[in-house]
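Welcome! Here are some exercises to work through at your own pace, each with a solution in steps.

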Amino acid sequence: MSQTDDTDFTPYEGPAGGWGSLKSVTNILVEEGDIARAGAALLKQNKPDGYACVSCAWAKPADPLPAEFCENGAKATAWELTTRTVTPAFFETHTVSELRTWADHDLEDAGRLTEPMRYDRASDRYVPVSWDDAFADIGRTLATVDPKAAVFYVSGRASLETSYMWSLFARAFGSNNLPDSSNMCHESTSVALPQTIGIPVGTVTLDDFGKTDCILFFGQNVGVNSPRMLHQLQEAARRKVPIITFNPLKERGLERFTNPQSPAEMVTGHDTRISSQYHQLKAGGDIAAILGMIKALLAADEAAKADKLMPVLDHAFMAEHTVGFDDLAAKARSVSWERIEAVSGLSRSAIERAAAVYGRSKATILVYGMGLTQHRTGVENVQMACNLLLLKGNIGRPGAGICPVRGHSNVQGQRTVGVSEKPDLVPLDRIAEQHGFEPPREKGRNTVEACEGIIDGSVKAFLGLGGNFLRAVPETGLMEAAWERMELTVQVATKLNRNHLFNGRVAYLLPCRGRIEIDMQRTGRQWVSVESSTAHIHASHGLAEPIADTLRSEPAIVAGLAKATVGGRTTIPWDEWVADYSKIRDAIEATYPDIFRDFNTRAPQPGGFHRPLAARDRVWKTETGKATFITPKSLDENPDAPADAPDVIQLITVRSNDQFNTTIYGYHDRFRGISGTRMVILIGGFEMARLGLADGDMVTLATAVDDGVERSVSGFRVVRYDVPMGCAAAYYPECNPLIPLWHHAEESKVPAAKSVPVRITRMEAEKAA
Ligand SMILES: Nc1nc2c(c(=O)[nH]1)N[C@H]1C(S)=C(S)[C@@H](COP(=O)(O)OP(=O)(O)OC[C@H]3O[C@@H](n4cnc5c(=O)[nH]c(N)nc54)[C@H](O)[C@@H]3O)O[C@H]1N2
Ligand SMILES: Nc1nc2c(c(=O)[nH]1)N[C@H]1C(S)=C(S)[C@@H](COP(=O)(O)OP(=O)(O)OC[C@H]3O[C@@H](n4cnc5c(=O)[nH]c(N)nc54)[C@H](O)[C@@H]3O)O[C@H]1N2
Ligand SMILES: [Mo]
């Protein structure tokens, strides 16, 4: 599993982008069969009259480049528009048990699902079923399930229209169990930011990148996971804007970039340095590193005061707009440099160098990703990032702000339109009035709580709108064992994945059109909309012929499920909505008038429209009415790691350059020089020597916690790599069996996938062979 016969581990010397990226795009277009279908589509990717890329959520400019797509966006398009199909004949040939032996890559690579299927346990096969029969059976079965025992999961790709309908379907059924992929991702952001600056999303827009004079970059792998952002970074670097990166791994996209869209750069091989300082901190060392920067800034500010120079901190801003500074300052002063150095893994002088550059800046952007959010202290990490910005008034100023880089292309928007297990985030009274039903008021289950319920048997039905829940969540062993005890499992999907091979008593697999495909309904061609990382809401127009005429659109499938389940219980005109999506948008506007004013006319404009964000205007919708410094409880990055156990390593799970989450396009992680396999553990030479490991050893990784559950994965090859002491890195989802379900961020419950305590042991020779 997860490897080919031809492996290679030669360090990559090239930049991000460049010829390597063009070659990779061409390869996947050829492999997926129909260059015309995918190639023509690509020219419309992220264009005002085209579709929003189905890969990442990075902002789409109003005046796009001639080719506003990146290597990984092209892969995502080719993957969705493949000409290969998984038809009923495929399932006749392969039992579900057999398919469980297939690798993630091979399952999705088989092609697009074409017909609704029902799982038949007697033959262990998926068998075709009509849409009407599927909906009717699902409706009947769901009616036997207590609404509190049903989970309605959404992966972050579904459009605003679909997501809004999905949340109404769940609530009309009586459930607020609406976990979404953001529960494994930026939920730490959605919890931290409202407490500190009063809004749940980032404050930065693309314009700000043109005006900034300093960028701080924490735990986000831009060259792989949001490559179009490299254009903004390259422009900033050319203006000599310092970019200071904090990341345990040297990620190539953060070091050097050659713009594949620039003929001059491609011919001359010119590349732009991205980071001006690169700090390889320990996994989980961010609170300590930022606290160190704050300590240095306080000292510099006091020195400036003594010398009657310009202050380093923005005291006027803090006095007018913030609370909590004194506590934070006291904490920073009281913690010793020795402790900061030990926990962060960085030297005092390195931290002071970063602080000095930031101290001189007049407008700083702080960018971050999963390196901050997926920790036990995920929420505090984000709060620390805000603390650092607030010290110098960097919220609500042009060229400055906080920039969480969201993952899935509409994950931010789903929250905006009501996909949330937290009822206080949703205008339930308005929904009741608008749609004629009484939504439930108690808190629902998020992802971790849904998993707890599946394991303990209290969750009886799981409906998944996209995604690969079972593969994306922690605790793979217990989860796979418990999954089939459910009464009903329903998956709406474009491609086959491992989650589809675990089925409840009644189980359906419903194939949908992708966002790049034309969506023709009774009143004509439809478009949908999404919200980007910078809170721009814009239209997405499908343009390729659907791969099969048996497919339905996501809104049509949600309507089918809803009508069969909660038919007479609401005044929602499901069929009218499916016939004309502008009516869904009218309903969204009526529920959220402040955000979606003139939704139908503004979304299709170039660049869409920006949703109002109070913090940008220095209006603070926090409990205190001010922006709030929040002092971290401790510097401890991982309370779950056993104390005094020098053989325990913090495992960071990361993405390769050849995957989109659990979708594995291939086995080439070009930037890390790893080819042909994903079964590797990257570890530093010093740690290898200390643990008695050699390059090429085959090892077992076992979770180093003592809770009575055995968790291990085997067959990983040791690869010497530049990783800080005490840490190692390996790929997600191969390592998810190692993550205990309870090993998550305190408040947000985001699984702490970036700091899993593990022990590494050599496999016996015969097992490794
Ligand atoms: N091509 C492609 N694009 C994607 C995705 C994909 O899988 N493939 N996934 C999408 C999704 S859903 C998401 S959420 C985003 C994810 O995008 P990212 O946020 O970039 O997520 P990861 O690849 O998991 O890696 C995070 C980075 O954090 C670093 N890191 C790990 N631990 C720490 C730490 O303790 N501190 C610091 N400072 N850094 C740390 C890692 O070395 C890595 O460079 O990308 C989205 N875009
Ligand atoms: N260890 C570890 N675990 C992690 C992470 C990590 O960094 N480390 N990252 C976490 C993060 S940030 C996230 S967001 C989650 C991702 O979790 P998910 O969002 O659940 O997973 P994906 O892999 O994105 O889902 C891929 C599947 O989506 C389906 N799909 C694709 N396009 C469409 C579409 O248009 N419509 C529908 N209905 N289905 C579609 C396909 O069937 C495909 O197989 O994983 C989390 N898990
Ligand atoms: Mo994500």
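**Exercise 1.** Which residue in strand 28 is the bridge partner of Asp 8? Find it, then work out how the sheet is arranged.

*Solution.* Keep in mind that this is a predicted model.

- Step 1: look across from Asp 8 to strand 28, where its bridge partner is Ser 675.
- Step 2: widen the view to the two strands. Strand 28 covers residues 674-677, and it pairs with strand 1 in the antiparallel sense over two bridges.
- Step 3: add the third strand. The open sheet has the order 1-28-27, with antiparallel pairing.
- Step 4: check the edges. Strand 1 (3-8) and strand 27 (668-669) each have a single partner strand, so one side of each is left without a neighbour in the sheet.

**Exercise 2.** Describe the surroundings of ligand 2, from the shell down to single contacts.

*Solution.*

- Step 1: start with the shell. There are 33 residues around ligand 2, and those that come nearest are Glu 108, Tyr 153, Glu 554, Thr 662 and Tyr 732.
- Step 2: sort the shell by character, which gives 13 nonpolar, 14 polar and six charged residues.
- Step 3: ask where they come from. Helix 24 (469-472) and strand 17 (488-493) each supply at least two of them.
- Step 4: look for polar contacts. A polar side-chain atom of Gln 374 lies 3.1 Å from an oxygen atom of the ligand, while a polar backbone atom of Val 492 is 3.0 Å from one of its nitrogen atoms. The side chain of Asn 661 has an N or O atom 3.1 Å from an oxygen atom of ligand 2.
- Step 5: finish with the cover. Of the 930 Å² of accessible area that ligand 2 has on its own, the protein covers 96%.

Notes:
Residues are numbered from 1 along each chain as its sequence is written. Chains are lettered from A and ligands numbered from 1 in the order in which they are written. This is a predicted model: local features need pLDDT of at least 70, side-chain atom pairs count only at pLDDT 80 or more; totals for chains, interfaces and linings use all residues. Side-chain values use heavy atoms; hydrogens and water are left out. Two strands pair if DSSP finds at least two bridges between them. Helices (H or I, at least four residues) and strands (E, at least two) are DSSP runs, numbered from the N terminus. A residue is near a molecule or strand if one of its heavy atoms lies within 4 Å of it. A polar contact is a pair of N or O atoms within 3.5 Å; within protein, one must be able to donate a hydrogen and the other to accept it, and residues adjacent in sequence count only if both atoms are side-chain atoms. Accessible areas come from the Shrake-Rupley method with a 1.4 Å probe; for residues, only the protein chains shown count as cover. Ala, Val, Leu, Ile, Met, Phe, Trp, Tyr, Cys and Pro count as nonpolar, Asp, Glu, Lys and Arg as charged, and the others, Gly among them, as polar.
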